[in-house]
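Please look through the structure shown here, and then follow the questions and answers below it.

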Amino acid sequence: MNARIRLSLLALALLAGCASSPPAPTPAPGAPERPKLVVLLVVDGLPQRQVLAYRDQLAADGLRRFLDRGAWFSNAHYGHGHTVTAAGHAVMLSGAYPQRSGIISNEWRDPRTFEAVYCTSDSAHQYIGHKTAPLAGTSPRNLKVETLGDVLRTLDPASKVIGISGKDRGAILPAGHKGTAYMYMSASGGFASSTYYMPEHPQWVTSFNGAKPADAFFQKTWAPLLPESAYARSVPDGQPWQSTGGNGNTLPAVIGLKSDAPGPRFYENLIATPFSDELTLAFARAAIEGEQLGADDKPDILSVSLSAHDYVNHAFGPESRLSHDHLLHLDRHLQSFFQYLDRQIGAGNYVALLTADHGFADTPEWAASQGRDANRINPGQALTWLNSELAKRFGTDKLARGYSAAGLLFNAELIAARGLKAADVHQAAKQLLLQVDGVASVFTPDQLRSSDTTTPYLAAMRKSWHPDVAAPLQIVVKPGWLYSSRAGGSSHGTPHAYDTHVPILAWGPRWVGQGEVAARVEVADIAPTLARVLNLPAPAQSQGKPLPLPVSGRQP
């Protein structure tokens with residue numbers, strides 16, 4: 001098994017060079033009515049604009065499998081406004097916005113105690129074989145809704161649901177309450193589950209980790225895939241706003257260059273490189289074989305969230321040559337994985353659907369250099385100023401307690417003790433925040449509970465607002481602006497199109513058809529669509545509707 005894993009890793013580069021573009025398969029006699037395996041692929045932090053910007057440089061059978069021979073939705077968006085990793089991953093297979101799922105962000109503050117809450121934290125459970133830090137993601141306890149996998153396993157417990165990711169939230173939330181999640185451990189370079197799912201790992205996981213496949217990338221070079229001239233459309237390396245930590249901000253880059261041997265620092269730096277995608281997909285192949293996914297007439301679900309692109313975009317911006325090149329490498333790894341699925345599962349036996357958890361803003365410093373209105377709001381400075389102005393008005397300091405997800409929390413006990421009305425404090429804070437350069441909108445609880453559908457951004461922020469979890473005031477920055485104290489890099493989290501517009505690409509012509517669909521759709525539509533493909537009811541709290549598949553696909 002160990003040698004087999006190593007060989008499969010080493011073979012990826014050769015497989016990536018395959019240039020053939022096979023036609024869409026036709027169903028074989030006796031082919032199943034529903035797919036044997038549904039594969040959800042998530043490219044963390046991938047805006048739709050990047051997919052199309054580099055379309056001419058994609059491999060013949062990577063992302064182009066979807067664009068040339070699959071069904072793809074060119075106007076797909078998130079419907080909620082605070083577009084971050086956990087919220088997006090919670091929507092995909094539940095169809096429920098944060099207003100129902102309770103997963104309003106990656107982390108937030110408890111509105112009553114102001115204690116930190118992490119989206120998938122659960123102190124009752126620990127990582128198997130690894131140290132578990134406080135607030136580490138170990139279970140779906142905070143997810144208040146069911147997923148498609150939960151529906152499947154409730155109706156047929158023999159079906160399997162597996163979630164894999166470089167991030168705990170990227171594995172746990174799509175796997176739901178009844179699936180099994182495995183996440184990358186940067187301390188060891190392996191993958192682990194938690195005691196929520198099982199007391200100990202199955203043998204295939206132990207064998208994979210025992211082979212130490214991450215070590216194969218030690219001091220390996222991340223070099224540009226194409227000649228220099230191919231990157232004229234992206235921003236060159238080494239810009240002053242690009243992060244210089246980790247592996248630096250220029251290519252080629254040697255991963256682990258300053259280390260004598262593989263260790264936690266190397267395993268951490270591996271995350272923001274194409275090699276972590278390669279490693280994650282190798283673990284996905286091991287899961288398919290170890291769990292015998294797609295091997296019988298009981299349909300299974302495999303979710304694979306590839307985290308590297310998000311880290312690359314945060315550090316260098318989606319406009320960068322590093323981001324451009326990373327996507328091209330990832331595309332080749334996807335090509336190899338699709339061809340593996342064709343061989344292992346059968347080309348006519350599975351459905352693959354690719355999306356992203358959010359898009360990305362261009363780095364403000366670069367955008368400003370192009371003449372755009374873009375900058376950063378320092379959150380600490382804004383909070384200090386706000387409290388000083390509120391103190392002038394109400395005679396009490398520190399009424400605003402701090403930020404939580406996309407909002408602002410207040411000291412409710414202090415407000416009550418001073419005989420103030422919370423609504424008055426909220427309204428005053430709103431008017432003050434609107435004076436902050438870069439703030440576009442601020443919404444109060446009354447607005448968020450209203451049925452107003454005309455005020456810009458309100459409907460999106462309402463879908464991000466869970467009344468038991470979220471802060472009373474929700475803040476939206478202007479397009480191109482970030483709420484950030486960092487000196488460089490980029491981020492996401494707004495209801496603007498660059499953050500909401502993501503790919504929804506599907507392949508499995510028998511079930512999803514072929515062709516571009518230009519109608520606006522939402523990521524919440526994925527869950528009811530796949531439920532229909534699997535002949536299942538949609539998850540109970542789903543707010544999406546089946547995607548309008550091309551004519552040749554299965555129709556409502």
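Q: How many charged residues does the lining of the second largest pocket have by class?
A: This is a predicted model, in which local features need pLDDT of at least 70 and side-chain atom pairs count only at pLDDT 80 or more, while totals for chains, interfaces and linings use all residues. Residues are numbered from 1 along each chain as its sequence is written, and side-chain values use heavy atoms, with hydrogens and water left out. Counting Ala, Val, Leu, Ile, Met, Phe, Trp, Tyr, Cys and Pro as nonpolar, Asp, Glu, Lys and Arg as charged, and the others, Gly among them, as polar, the lining has 10 nonpolar and three polar residues, and the charged ones number five.

Q: Which element gives the most to the lining of the second largest pocket?
A: A pocket is an open set of points on a 1 Å grid over the protein atoms alone, where a 1.4 Å probe fits, with protein on both sides within 12 Å along at least five of seven lines, and lining residues have an atom within 4 Å of a point. Helices (H or I, at least four residues) and strands (E, at least two) are DSSP runs numbered from the N terminus. The elements that give two or more residues to this lining are α7 and β7, and the most, three residues, comes from β7.

Q: Which strands stand at the edges of the open sheet?
A: Two strands pair if DSSP finds at least two bridges between them, and nine strands form the open sheet, with mixed pairing. Two of them have a single partner strand each, so one side of each is left without a neighbour in the sheet, and these are β8 (190-192) and β20 (515-517).

Q: Which residue in β19 does Phe73 stand opposite?
A: Strand β2 (residues 71-73) runs antiparallel to β19 (residues 504-507), and three bridges join them. Opposite Phe73 in β19 stands Ile504.
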